[in-house]
Amino acid sequence: MADFTIREILDATGGTLCAPSDFGDPIVHGFTIDTRTLTPGMGYVAIRGGTFDGHRFIADAMKKGAILSISDTDVPYPHVRVENTVLAYQNIAKLHRERFDLPVVCITGSVGKTTTKEMVKAVLETTFRTHATVGNLNNQTGVPTTILQLSASDEVSVTELGTNHFGEIAAIARVAQPTICLFTNIGEAHIEFFGSREGIFRGKTEMLQYMRPNGRIVANGDDDYLRTIPHAITYGLSEGVDVRAVNVQNDGLDSVTFTAQVFGKDLPVTLHVAGNHMVQNALAALTIAHLLNVPDEAALLALSEFQPGAGRSAVLKTKRFTVIDGTYNCNPTSMEAAIDLLKQARGRRVCIFGDMLELGENAPVYHARIGTYAKQCGIERMLTVGALAKNAAYDESDAYGGTDALIADLPRLLHDGDTILVKASFGMHLKSVVDAIRSL
């Protein structure tokens with residue numbers, strides 16, 4: 001339990017206690033920004049978001065037993081008034097992080113953060129009590145939420161860091177204080193806000209300034225930007241990396257085998273997932289396992305049993321079709337990787353592609369590039385959803401404005417035995433398309 005005295009809260013936040021004279025000096029048993037997770041004795045942090053204002057729920061928090069709230073305005077309940085509640089929440093989490101002397105692996109990159117985090121977690125929890133980000137709570141409030149869940153029994157932490165603007169990785173890395181910084185790749189996700197891949201690289205590597213002394217850096221050596229980070233341990237499929245995959249063999253969409261060359265040892269790896277991007281994720285996990293002295297046999301078994309989460313290139317089998325569900329998110333790098341996976345399928349291959357968001361003024365070009373790439377890979381049918389994705393359609397009649405019209409046409413568009421990739425940015429809601437295909 002992340003317990004705090006009032007003095008600790010005031011020192012961490014720089015806030016002012018506003019409470020009755022008989023309030024006393026209670027212990028606050030953790031903090032939450034969501035009243036649905038609040039239990040008696042906790043504190044509540046009121047966050048102002050783009051579509052909501054947590055201050056509206058302070059009264060509800062107090063009814064549920066909150067000891068106090070953290071607010072940027074005066075309210076008629078015990079509270080600590082601060083200028084910025086997000087910063088206050090981060091500072092409280094930073095205080096809690098500083099109570100622990102344990103390895104903290106922080107993972108960032110344009111693609112594959114969550115899957116890599118789950119692989120690293122799977123490998124580490126064979127040997128350690130492992131604390132990890134739940135889902136993708138990787139933003140300005142998600143990382144503090146994760147860090148506040150650290151307990152005295154945890155032996156290692158795996159924390160995912162996400163960003164779409166400069167300064168955000170720095171803010172949350174200051175909270176997490178990594179001992180190992182892991183970078184998956186530098187793609188074009190959120191390029192609308194960073195301006196270029198070089199800008200994305202600068203944004204992601206903000207993490208390094210908050211790495212603890214004697215920390216280690218692990219980076220994807222197949223990435224032209226990441227391989228330039230000084231003193232990094234590199235992994236990948238390229239010559240010259242420190243941890244390398246060789247003899248990669250894909251068995252359709254069912255599995256991939258390879259030999260991992262890990263600091264002088266050849267380890268036989270079998271993944272019951274497919275694609276070179278999964279090979280890279282596994283290499284990252286094996287590198288972390290090596291740094292933290294996880295036995296090879298345990299790490300290899302964990303990787304052999306690993307399955308990706310829903311919407312993250314999970315392969316689903318129905319009586320009529322094979323579906324690759326990539327609906328959680330999408331950007332040009334991850335889309336091309338998904339097409340590489342689709343082209344390994346047997347039989348007719350169909351791509352259902354929806355808009356990729358946050359790509360800026362060149363978004364139509366990025367989408368058209370996906371169509372060209374799919375053709376080059378021999379993908380037989382390209383169906384698109386959205387105003388941007390239509391630039392990738394092979395034929396205008398296969399470009400749909402929304403999911404409803406596409407779902408209505410699926411019975412005539414799909415054939416028994418098809419393998420269908422469904423992928424778009426999360427905001428396009430293509431999960432409904434996956435559900436519709438599974439019901440056919």
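Is Tyr225 buried, exposed or partly exposed? In this predicted model, Tyr225 comes out as partly exposed, because its relative accessibility is 23%. Its ring partner is Phe201, which has a relative accessibility of 14% and so counts as buried. The cut-off that splits the two is 20%, since anything under that value is called buried.

The rings of Phe201 and Tyr225 make up one of three aromatic pairs that turn up when the whole structure is searched. Another of these joins Phe4 to Phe31, with ring centres 5.8 Å apart and planes at 55°, a tilted arrangement. Phe4 sits in strand 1 (residues 3–4) and Phe31 in strand 4 (residues 31–32), so this pair links parts 27 residues apart in sequence. Phe4 and Phe31 are both buried. Back at Phe201 and Tyr225, the pair is tilted too, at 5.5 Å centre to centre and 40° between the planes. Here Phe201 belongs to helix 8 (residues 197–204), while Tyr225 is in the loop between strand 12 (216–220) and strand 13 (233–236), so the pair ties together parts that are 24 residues apart in sequence.

Then there is the packing of helices. Helix 1 (residues 6–13) packs on helix 3 (residues 85–97) with the axes 8 Å apart and an angle of about 120°, which means that helix 1 runs oblique to helix 3. The two cross in a right-handed sense. On the helix 1 side, the contact is made by Glu8, Ile9, Ala12 and Thr13, and they meet Ala88, Asn91, Ile92 and Leu95 of helix 3. Sorted by class, this contact has five nonpolar residues, two polar and one charged.

How values were computed
Residues numbered from 1 in each chain as written. Predicted model: local features only at pLDDT ≥ 70, side-chain atom pairs only at ≥ 80, totals over all residues. Heavy atoms only, no water. Axes fitted to C-alpha atoms, helices over the stretch in contact; angles between N-to-C directions. Helix = DSSP H or I, 4+ residues; strand = E, 2+ residues; numbered from the N terminus. Parallel < 35°, antiparallel > 145°, perpendicular 65-115°, else oblique. Left-handed = near helix turned anticlockwise from the far one by under 90°. Contact = heavy atoms within 4.5 Å. Nonpolar A, V, L, I, M, F, W, Y, C, P; charged D, E, K, R; others polar. Phe/Tyr/Trp six-rings, centres within 6.5 Å; stacked < 30°, edge-to-face > 60°. Buried < 20%, exposed > 50% of the residue type's maximum accessible area, 1.4 Å probe, protein only.
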